[in-house]
Amino acid sequence: MTTKGHEDRRSFRAWLVQRAPTPPRPTDYPSRLHAETVAARAGLWLGIAFTICFFTGLISHVIQHPPDWLGWPAGPVWLYRLTQGVHITTGIAAIPLLLVKLWTVSPRFWQWPPITSVVNAIERLSVFFLVGAAFFELLTGLFNVAEVYLWGFLFPPVHYAVAWVAVGAVAIHVAVKLPVIRRALGVAVENDTDRPMGTSGDPVEVDPGSSPRTFRGPLSRRGLLGLAAGSASLAVLATVGDKIPALSPISVLAQRTGAGPQGLPVNRTAEDAGVVAVATADDYRLTVQGPGGSRQFSLAELNGMTQTTAELPISCVEGWSQSAIWTGVPLRDLLALVGAHGSGARMISADPGLYGQSDVPPTITQDAVTLVALKLGGIPLDIDHGYPARLIAPNRPGVLQTKWLTRIEST
Amino acid sequence: MTTRHPRGETVLRVAIGGVGVLTLGWGLWLMAHQSLSDLLSAGAWFVGPAVLSDLLLLPIVAVIGAALTRHLHPWVRLPAQVALAVIGILTFIALPFLTGLGKQQDNPSLLNRNYPLGLAVYILLILIVTGGWALRRRRALRPLPGPARHGHPAPDVTW
């Protein structure tokens, strides 16, 4: 009786051990889609998207934190609009590409033993940095466009730092995988390059620890790549309308429709900035300071000066951009009145926030269409567009187009 | 495999890898200048999605894919897989907009679209297109009647 109960318990334990869930192994993924020819192509597209995204992001960073040697040009006026639009768009397109690429190589996550050699350990560590940084950049970028901040850090410096981690990890990954990449890109996508195709219907010998790739589902490898490219295109189409107004009707996931006061969207409102009282005060004055002293201008005095009208885009770091007709006093005229010829300028807003000041390099201050704008579309600025006076300069991020100006200093 | 690496390729790999190590190191050095609380928050967003993609996202995709397409007839299975994948990816991108967390009361020009409706329209269009594709596949896969076609296998329908 006792022996029987003991045996029962033991066999039950054996049964439990047998049935205990075990982690999957790469050999448990039979689909032919888990192939290096697919991974190399999806990886190539993803690498191109990341490279474009990195350099356009770098441009945006150096405009906002310019090194001394950089003379960021005033033209073409649409250049930043283009680079930042491309930055956000390639980032969005990279999301489907990353998901498909990771799905393709996902069996490798379950490699057993987890580490087989020193080189393998380095490779896996670099892949961890690659996947971590790739998801970090794409997700924080996407959430930043949606202005959903589910984190404690300030977005720009951290997104910038991790971008370097991401491209560094991409380069290491390319270095490690270069022979495989060249091999895989050198043959048709349906071929298996790391083992000979089975002849005369013989079972194909499978590398130990890799996907057998024997299962043919309805989706072909070419089809999977088409799916990646197609969903990336659809994601772009669904979001690009806040950069290309003509596509706005079909971009149902764009950050904005393009509507706003005076037909132009607003990023930071006067109420949010806490500037309503200062901006609408009767005794408003714009102070301009230079080597020749300091002068104050009322709004009427600014309106009485020679005005320039120009069509210039607002190009937000979050990707949306829209062109508008601005009228105001050229910044260089105001600077000349205080003896500042050919200098840069610091624009200071009534807004005490993080973006309440911006520096304008001489390349931009001296441009004929860099304006202290007073009108938008021929009528005085809406308070949310920076009434009574704002900076509007060509080829410059919207965050540096300082609104509610109270003071300008030559630098 | 190691026997066939030409020398030039090895030099190239070392060069690319070296640039990669320096670049990655520069990124980590920049990160080291963040405060501890920022680092912890950023660390969660760095490690979390990378680990959850393997342990949560991919298994969910596999289970949904298997549950919804495994027992389907071949003519509808491929369109169904494609429709699910595209809808899934689009919904993934739409999620932060659907939460509405970014809306600001005083700024009606921001996030001023009907995101649930827009996504629903896209999903409907995807279902219509893939549905039409499925019906075409159904016709193509059905053996044609008549003596002229007797014995001919149904055409192999792929992409």
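The following conversation goes through some features of a predicted model and the reasons for the words used to describe them.

Colleague: What makes chain A more spread out than a compact globule?

Modeller: The radius of gyration of chain A is 29 Å, whereas the globule rule gives 22 Å for 411 residues, and because the value is well over that figure, the chain is described as more spread out than a compact globule. The box filled by its C-alpha atoms, taken along the principal axes, is roughly 100 × 60 × 45 Å, and the chain holds 11 helices and 10 strands.

Colleague: Why is A:Ser315 called buried?

Modeller: A residue counts as buried when its relative accessible area is under 20%, and A:Ser315 has 3% relative accessibility, so the word applies. This serine lies in strand β3 of chain A, and, leaving aside neighbours within four places in sequence, its contacts include A:Tyr80, A:Trp320 and A:Arg396. Over the chain as a whole, buried residues make up 52% of the 411 residues.

Colleague: And why is A:Pro361 called partly exposed?

Modeller: The term covers what lies between the buried limit of 20% and the exposed limit of 50%, and since the relative accessible area of A:Pro361 is 25%, this proline is partly exposed. A:Pro361 sits in the loop between β6 (357-360) and α11 (362-365) of chain A, and, apart from neighbours within four places in sequence, A:Pro361 is in contact with A:Gly344 and A:Arg396.

Colleague: How do you know that strands β3 and β4 of chain A are paired?

Modeller: Two strands pair if at least two bridges are found between them, and 8 bridges join β3 (residues 308-315) to β4 (residues 321-330), with the two strands running antiparallel. Within this pairing, A:Thr308 stands opposite A:Gly328 in β4(A). The two strands form a hairpin with 5 residues between them, and A:Gly319 in the turn has a positive phi of about 110°.

Colleague: What share of the contacts in chain A between residues at least 6 apart in sequence join residues at least 24 apart?

Modeller: That share is 70%, where a contact requires heavy atoms within 4.5 Å.

Colleague: How far apart are the mean positions of the positive and negative charges of chain A?

Modeller: The mean positions of the 32 positive and 29 negative charges are 9 Å apart. As for the surface, the accessible area of chain A comes to about 18,100 Å², and 63% of it belongs to carbon and sulfur atoms.

Terms used:
Residues are numbered from 1 along each chain as its sequence is written. Chains are lettered from A and ligands numbered from 1 in the order in which they are written. This is a predicted model: local features need pLDDT of at least 70, side-chain atom pairs count only at pLDDT 80 or more; totals for chains, interfaces and linings use all residues. Side-chain values use heavy atoms; hydrogens and water are left out. Helices (H or I, at least four residues) and strands (E, at least two) are DSSP runs, numbered from the N terminus. The radius of gyration is taken over C-alpha atoms; the globule rule is 2.2 Å times the number of residues to the power 0.38. Buried means under 20% relative accessible area, exposed over 50%, partly exposed in between (1.4 Å probe, protein chains only). Accessible areas come from the Shrake-Rupley method with a 1.4 Å probe; for residues, only the protein chains shown count as cover. Lys and Arg count as positive and Asp and Glu as negative; His and the chain ends are not counted. The place of a charge is taken as NZ of Lys, CZ of Arg, CG of Asp or CD of Glu.
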